[in-house]
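Welcome, and thanks for taking a look at this model with us. Please keep the sequence and the 3D view side by side while you read.

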Amino acid sequence: MLPYGRHSINESDVDAVVRALCSDFLTCGPEVELFEREFAARVGAKHVVAVCNATAALHLAMKVLGIGHGDRVVTSSNTFLASANAAAYVGATPDFIDIDPEFHNLDPRKLESHWKPDTKVVVAVDYAGVPCNMPEIARIARSRGAYVIEDACHGIGGGFEADGKSWKLGGHPWADISTFSFHPVKTMTTGEGGILVTDNDEWAAKARLLRAHGVTRNPSDFVGLVDGTNHTSVCNSQLSEVGPWYYEMQDLGFNFRITDLQCALGRSQLQRLPEFISRRQEIAQQYNEAFASLEFLTIPSLASGDPLPATSSDFNFSLVDLSLHLYTVQIDFARLGKTRTEVMQELRDQGVGSQVLYIPVYLQPWYRRTFGYAPGKCPNAEAFYARALSLPLYPSMTDQDVQRVIDSVRDLGGIPAAVK
Ligand SMILES: Cc1ncc(COP(=O)(O)O)c(C=O)c1O
């Protein structure tokens, strides 16, 4: 069975983890800092904070931006739950913007026309690894005093062109904070893991503090345990003596730490990232060519940049910029005369797994119950959900695996073998 996504682990990955396993540190050791440094260099970011998963990274992003009750956080209707849940964790109201029908990303035109004055953050999600029009989203958000978080969990190592330059996700000026996920189905993995990226010194320092219970051991940050006590003076009170054991909890943080084992794997996977990206591109290109003529199916748009008349800046991308996480087709099930469940079963019978990504988040029972959202809120996202099917895409697929997917999809429409 070919799953829709799968990690790729080789001997160098195993060796890296075993080396970390036999070292002095299983967590909070040197691998974490090295992974952060190497990831920062890869995307061209100033600060990188590695955490236990990208949900935690999004949660920390909300905390460091000071988001809370009374604030609205808008995100794409076509995303994983975490992009919105992070806002709910801090007491803000998650809200949803419809997607553009071509790239299935948050539509900047809808963002502008549906803007509400209490919106403090826009979480732009790069669905499948296809980048959002970040210059346009940033123009709309920043001119109204809101922050931009780019949920780039699907697009590790990818990028786009804007203002005549090439930019990496996580390394461009149109997001205040970016987040990436290293879950095993993603482009590279640490088992579980995530990263928060920012150029802002203060936010990075706060994210580091909150990652580990809000605790600092850095003497220059100490404020003391006793009111009015100067911690640097030699104190007559035992309570305010600052010795080598001393630490302070300065904020209510979390245990969002990532281990050295995970970061050792991350460093090794980072070396292999270019190879992962190019194999994914190759497979997507083969699929696009094989499926282009199928009338019951719409292939993803992977190379045609700007769905908008650019206002603030030129914006473009092509397959070569993309780090693809998903290959999602849209199937006209009525035309095919089959339900999606039947189609998925037929593919399964051929050893081909598939997945539906995503159910519009606001349709989930908790969101409807808590915020009163109802069907019809984002028609493009609902139409996309009704037809979406993600097919296997991962670097360890062989040419035979790819051909099996192609043949199985063509078989759905009863395309005779001679025409294949
Ligand atoms: C778009 C998006 N955002 C956030 C997340 C959360 O990532 P993690 O599983 O690392 O918490 C995911 C994971 O599937 C995702 O796809």
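The notes below go through the ligand shell, one helix and its surroundings, two helix pairs and two buried residues.

This is a predicted model, so everything here describes a prediction. A good place to begin is the ligand, which has 14 residues around it. From there, helix α4 leads into the protein, and helix α8 takes part in a contact with α2 and in another with α13.

**Around the ligand**

- Of the 14 residues in the shell, N53, A54, T55, F80 and S181 come nearest to the ligand.
- Two elements, α3 (54-64) and α4 (82-89), each give two or more residues to this shell.
- Sorted by class, the shell holds 5 nonpolar, 8 polar and 1 charged residues.

**Helix α4 and what covers it**

- Besides lending residues to the ligand shell, α4 has buried residues of its own: A82, S83, A84, A86 and A87.
- The cover over these buried residues includes helix α3 together with the strands β2 (72-76), β3 (93-97), β4 (119-125) and β5 (147-151).
- Just after α4 comes G91, a glycine with a positive phi of about 90 degrees.

**S77, in the loop before α4**

- If you follow the chain between β2 and α4, you will find S77 in the loop.
- Is S77 buried or exposed? S77 counts as buried because 31 other C-beta atoms lie within 10 Å, and the cut-off for burial is 20 or more.
- S77 and I97 are 20 residues apart along the chain, and their C-alpha atoms are separated by 5.7 Å.
- Setting aside neighbours within four places in sequence, S77 is in contact with F96, I97, D98 and I99, with P360, V361 and Y362, and with C378 and A381.

**Helix α2 against helix α8**

- Helix α2 (residues 30-43) and helix α8 (residues 260-291) have axes that come within 8 Å and cross at roughly 30 degrees.
- Angles under 35 degrees count as roughly parallel, and α2 and α8 are therefore roughly parallel to each other.
- The crossing of this pair, α2 and α8, is left-handed.
- On the α2 side, the contact is made by E31, V32, L34, F35, E38, F39 and R42, while α8 brings D260, C263, A264, G266, R267 and L270.
- By class, this contact of α2 with α8 has 7 nonpolar, 1 polar and 5 charged residues.

**Helix α8 against helix α13**

- Helix α8 also packs with helix α13 (residues 399-412), at an angle of about 25 degrees and with the axes 10 Å apart.
- That angle makes α8 roughly parallel to α13.
- The handedness of the α8 and α13 crossing is right-handed, whereas α2 and α8 cross in a left-handed way.
- Here I283, Q286, Y287, A290 and F291 of α8 meet V402, I406 and V409 of α13.
- The contact of α8 with α13 divides into 7 nonpolar residues, 1 polar residue and no charged ones.

**T328, in strand β14**

- Strand β14 (residues 327-331) contains T328.
- How many other C-beta atoms lie within 10 Å of T328? There are 27, so T328 is buried.
- T328 touches A128, P300, L357, A388, L389 and S390, not counting residues up to four places away in sequence.
- S354 is 26 residues from T328 in sequence, and the two are 9.4 Å apart in space, C-alpha to C-alpha.

How values were computed:
Residues are numbered from 1 along each chain as its sequence is written. This is a predicted model: local features need pLDDT of at least 70, side-chain atom pairs count only at pLDDT 80 or more; totals for chains, interfaces and linings use all residues. A residue is near a molecule or strand if its C-beta atom, placed from the backbone, lies within 6 Å of it. Helices (H or I, at least four residues) and strands (E, at least two) are DSSP runs, numbered from the N terminus. Ala, Val, Leu, Ile, Met, Phe, Trp, Tyr, Cys and Pro count as nonpolar, Asp, Glu, Lys and Arg as charged, and the others, Gly among them, as polar. Axes are lines fitted to C-alpha atoms, for helices over the stretch in contact, and angles run from 0 to 180 degrees between N-to-C directions. Angles under 35 degrees count as roughly parallel, over 145 as roughly antiparallel, 65 to 115 as roughly perpendicular and the rest as oblique. A crossing is left-handed if the near helix is turned anticlockwise from the far one by less than a right angle, and right-handed if clockwise. Two residues are in contact if their C-beta atoms, placed from the backbone, lie within 7 Å. A residue is buried if 20 or more other C-beta atoms lie within 10 Å of its own, exposed if 12 or fewer, and partly exposed in between; C-beta atoms are placed from the backbone.
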